[in-house]
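Here is a set of exercises to work through with the model open in your viewer. Try each task before you read its solution.

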Amino acid sequence: MKMHKLRRLMSVPLTQIILFAALMTALQLLSMAGLIPNSFTYAIGSTLIYAIVAIGFCLLLGYSGLASLGTAGFIGVGAYAAYYVMESFGMPYIAALAVTLAISVAIGVAVGFISLRVEGLYLAILTLGLSEILRNLLMAVQATIKIDISNARLFGVQLNDSGAYMLVLVTFSLLVWLTSNLIDSPTGRAMLAMKNSTSAAQAMGVSLMKHRLLAFVISTVFAAIGGLLYMMYVRVMTTSVSTLLTMTTSLNILGAVIIGGAKSLWGTTLGAFIVYGIQSMFLSKIPFFQKNPAFITMLTGLLIVVVVMFFPGGLTQFLSGIKAKLQRSFRKVREDIYGKDLG
Amino acid sequence: MARIWDKLRPSGSGKLLRLSQEYDRLRRELEDLEAEAEARPAEPQRNKTGADRLQRYDARAYMAKRAANHAAAKAIFRAVREGGSFDEALRTQEKKLARIEDKRRAFAARLERGGAERKPAPAKQKPSAERVKRTAAEKAALEKKLAALETRIARAKGSGHSRISLPDDVALRVRGLKMYFGGLKAVDDLSFDVKKGEIFGLIGPNGAGKTTVFNCITRFYNATGGDMHFSGRGGEAVDLRDFRVHDVILHGIVRTFQNVEVIREVTVLENLLIAGHRGYGSSLVAQALHLPVLKKEERLMRERALRVLEFMGLTEYKDWYAFGLPYGVLKRIEIARTLMCDPRLIILDEPAAGLNDTETAELAQLIRRINKEYDCTILLVEHDMGLVMDICDTVCAISFGKLLAIGTTEQVQADRNVQTAYLGASEEA
Ligand SMILES: Nc1ncnc2c1ncn2[C@@H]1O[C@H](COP(=O)(O)OP(=O)(O)O)[C@@H](O)[C@H]1O
Ligand SMILES: [Mg+2]
């Protein structure tokens, strides 16, 4: 049946990613045509950057059961690598990406080793400390970094706003695809095993060291790529004033993952849109919130409280609950009309 | 990627090397001290560098042997899946080993001829009395450290140097196993043999140390002392101490836990796929890109899992999340998991605990079937004496970590010690 085939096609992550990317591209085209405000798509782009960071974190928290509050510091590493490689040495984006990857892999390995000795809340505190050290180090080196638009180049082409948006979108899609593949593979299952029971995982041949290291490497790499893209997209970052490199960011990312439902990539993306997107896309346009920006933060906080209290599985659980309810009522209607056998 | 991981993890041989180096360093220090105290010219030092280098060759040869063992274990696993490549892996390692041994031989010959010796160090001044006294104390401390290191090295070397061979019919040999937690001797000088293909029961009152024995065998605990040898996949005996906890499965040693450890966040089928973890050979890249190799492996593993589920009568639960399933089913899932990786020794920790009489009877049936159809040895701890006496070929009774009796069920039941310490005690209670 056609309907059946379509449904199966839609359940493949690749289809979902392509559809999502197409939708986001369409929005960008609309904004270039002047049909929707530029600031709207700009907000989408920066939210996607947060979503990348959140997805790395999702793999760490939701799949490997490891807690970290160091996300902000790792973002900073990517941002500064981008700044120094591209602005100071005038090298291309690819070089910045390579440097970012190298540094963040090294940091991820280091934190992964630490996670073999320190667990749970202690690990979270430790990564928080590490992140603060990184931030203060970066701040001491240079408080404000700024990339000139003429230096934001990809394959020799200067990236304007919509070019940077597409770079973010393509990176996001690629990373979501890789992550969803990894989750649906022996490695992803081994991580879940490790999260649920370290002893059972080990008895089944899962090396804790390998998978903890891997989880931390992936999450730091994603965070650093987030920082790198931030520099390509926003092109300015201040350590001393902005909140991007402080604990708030780490907590917001944690919030996005929990709101979304720690084990779902789309849920996490949705979480990022709720924590970052709603405020930058809608709320900041409303005069009341413009006058009282503190209310935006309060609203986000309230949302987290509500989700955690009523839907511990995150919005994913909420949405699948609605879906099940709808299906049930559809079936009932169908049965009422056609009778049980035909339904 | 896999190669990077291999380098990253601290291997047993690396530990051995570190220990040997520290040992060398300490011994050199001690020799210096002795030389100083007796104020004699540093004569023995002349040969030392030569002997030193010989020792280093020994260490390297040993490491190569270890690598060969490890490669063999992995290759066998691969060979089981795809066929071939096992001999090749073994041969490369053996070639390397031969090269190192050649070098050592050449060097030893050169040393004998006196070619490799260094010039003697200049004689030292006669030390003061106070200095002699101080060095004596230092020497005592050093000697103590050396003795400790020597035992650790001996242990780290394990079967590498003097490879033990097990009798053909023995699957697992435990000798003088000790596990101390501080002052508590949870297992104390325990020895037993598990024969190939038998069902071996380990019994004893609560807290006797049964689970601890299992944890030592499966490397969850690092035993305080004693030896554990297993007849490995390649056919030769392996020292279990050479393996890390997640590697014993490579030789087919799998286990269940006393307090059921099923991964509750995934489906029953996925639980079995996790248990097949070491059966995958796809690299991380292949996994991240879902390359055809991975898809093929996934398909094969899924088929195998379905077969195991069928065997265990769990097919109806395959897509259920383990969370919330009845206890009896969870216990069966745990046993099903052990069947995913060509098991050779299945270790069951109280499989009947929490089951009712019919379930226990079914379990007995099941364990026998596994024993036959999967052709593997079974080692189990059980409190249900009916079950133990029913299915076990050999029973080993322990109490307070010490062996009480070992033999057939009749022999153990008739044993005086067992009756007073175990059966009698529980009947009176
Ligand atoms: N990790 C540990 N740390 C300290 N003591 C332990 C540990 N594991 C077991 N023990 C002690 O060892 C003894 C034997 O325990 P166990 O092997 O679990 O007994 P059982 O025969 O009931 O399985 C007990 O006294 C227990 O308290
Ligand atoms: Mg026990």
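The exercises below concern a predicted model, and each task is followed by a worked solution.

**Exercise 1. The magnesium site**

Find the protein donors of the magnesium ion (ligand 2), and work out which parts of chain B they tie together.

*Solution.*
- Step 1: Look for the donor atoms. They are OG1 of B:Thr211 and OE1 of B:Gln258, at 2.0 to 2.2 Å from the ion.
- Step 2: Place each donor in the fold. B:Thr211 belongs to helix H6 (residues 210–217), while B:Gln258 sits in the loop between strand E6 (253–255) and helix H7 (268–275), so the two donors link parts of chain B that are 47 residues apart in sequence.
- Step 3: Check accessibility. B:Thr211 is partly exposed because its relative accessibility, 23%, falls in the range between 20% and 50%. B:Gln258, with 33%, is partly exposed too.

**Exercise 2. The second largest pocket**

Describe the volume and the lining of the second largest pocket.

*Solution.*
- Step 1: Start with the space itself, which comes to about 1400 Å³.
- Step 2: Turn to the lining. It has 41 residues, and those nearest the pocket's centre are A:Tyr63, A:Ser180, A:Ile183, A:Asp184 and A:Lys263.
- Step 3: Ask which elements supply two or more lining residues. From chain A these are helices H2 (13–32), H3 (38–63), H7 (161–183), H8 (186–196), H12 (265–281) and H15 (314–338), and chain B adds helix H9 (292–312). H7 of chain A gives the most, with 5 residues.
- Step 4: Sort the lining by class. There are 20 nonpolar, 11 polar and 10 charged residues.

**Exercise 3. A loop residue in chain A**

Is A:Ser185 buried or exposed, and which residues does it touch beyond four places in sequence?

*Solution.*
- Step 1: Locate the residue. A:Ser185 is in the loop between H7 and H8 of chain A.
- Step 2: Apply the cut-off. Buried means under 20% relative accessible area, and A:Ser185 has 0%, so it is buried.
- Step 3: List its contacts, leaving out residues up to four places away in sequence. A:Ser185 touches B:Gln287, B:His290, B:Leu294 and B:Glu298.

**Exercise 4. The largest cavity**

How many cavities of 30 Å³ or more are there, and what lines the largest one?

*Solution.*
- Step 1: The count is 6 cavities of 30 Å³ or more.
- Step 2: The largest cavity has a volume of about 70 Å³.
- Step 3: Collect its lining. Chain A provides A:Ala200, A:Ala203 and A:Met204, and chain B provides B:Ile249, B:Val254, B:Arg255, B:Phe257, B:Ala275, B:Arg337 and B:Thr338.
- Step 4: Assign the elements. Helix H9 (198–203) of chain A, together with E6 and helix H10 (327–338) of chain B, each give two or more residues to this lining.
- Step 5: Divide the lining by class, which yields 7 nonpolar, 1 polar and 2 charged residues.

**Exercise 5. B:Ile370 and the nonpolar cores**

Identify the members of the largest nonpolar core that touch the most other members, then follow B:Ile370 in detail.

*Solution.*
- Step 1: The largest core has 157 residues, and A:Ile44, B:Met312, B:Ile333 and B:Ile370 touch the most other members.
- Step 2: Note that a separate second core of 29 residues includes B:Val174, B:Val187, B:Ile217 and B:Val248.
- Step 3: Place B:Ile370, which lies in helix H11 (residues 357–373) of chain B. With a relative accessible area of 3%, B:Ile370 is buried.
- Step 4: Set aside neighbours within four places in sequence. The contacts of B:Ile370 are then B:Phe311, B:Ile335, B:Leu339, B:Ile346, B:Asp375, B:Cys376 and B:Ile378.
- Step 5: Take one of these pairs further. B:Ile370 and B:Ile346 are 24 residues apart along the chain, and their C-alpha atoms are separated by 9.4 Å.

**Exercise 6. Positive phi**

What are the phi values of B:Asp189 and B:Glu350, and where do these residues lie?

*Solution.*
- Step 1: B:Asp189, which is not a glycine, has a positive phi of about 55 degrees. For B:Glu350, also a residue other than glycine, phi is near 50 degrees.
- Step 2: B:Asp189 lies in strand E2 (residues 184–195) of chain B, whereas B:Glu350 is in the loop between strand E7 (345–349) and H11 of chain B.
- Step 3: B:Asp189 is partly exposed at 47% relative accessible area, but B:Glu350 is buried at 7%.

Note on methods. Residues are numbered from 1 along each chain as its sequence is written. Chains are lettered from A and ligands numbered from 1 in the order in which they are written. This is a predicted model: local features need pLDDT of at least 70, side-chain atom pairs count only at pLDDT 80 or more; totals for chains, interfaces and linings use all residues. Side-chain values use heavy atoms; hydrogens and water are left out. Donors are N, O and S atoms within 2.8 Å of the metal (3.2 Å for Na, K and Ca); water is not among the atoms, so sites may look incomplete. Helices (H or I, at least four residues) and strands (E, at least two) are DSSP runs, numbered from the N terminus. Buried means under 20% relative accessible area, exposed over 50%, partly exposed in between (1.4 Å probe, protein chains only). On a 1 Å grid over the protein atoms alone, a cavity is a set of points where a 1.4 Å probe fits but cannot get out, and a pocket is an open set with protein on both sides within 12 Å along at least five of seven lines; lining residues have an atom within 4 Å of a point. Grid points are joined across faces, edges and corners, and a volume is the space filled by probe spheres set on the points. Ala, Val, Leu, Ile, Met, Phe, Trp, Tyr, Cys and Pro count as nonpolar, Asp, Glu, Lys and Arg as charged, and the others, Gly among them, as polar. A nonpolar core is a set of buried Ala, Val, Leu, Ile, Met, Phe, Trp, Tyr and Cys residues joined through side-chain atoms within 4.5 Å. Contact means heavy atoms within 4.5 Å.
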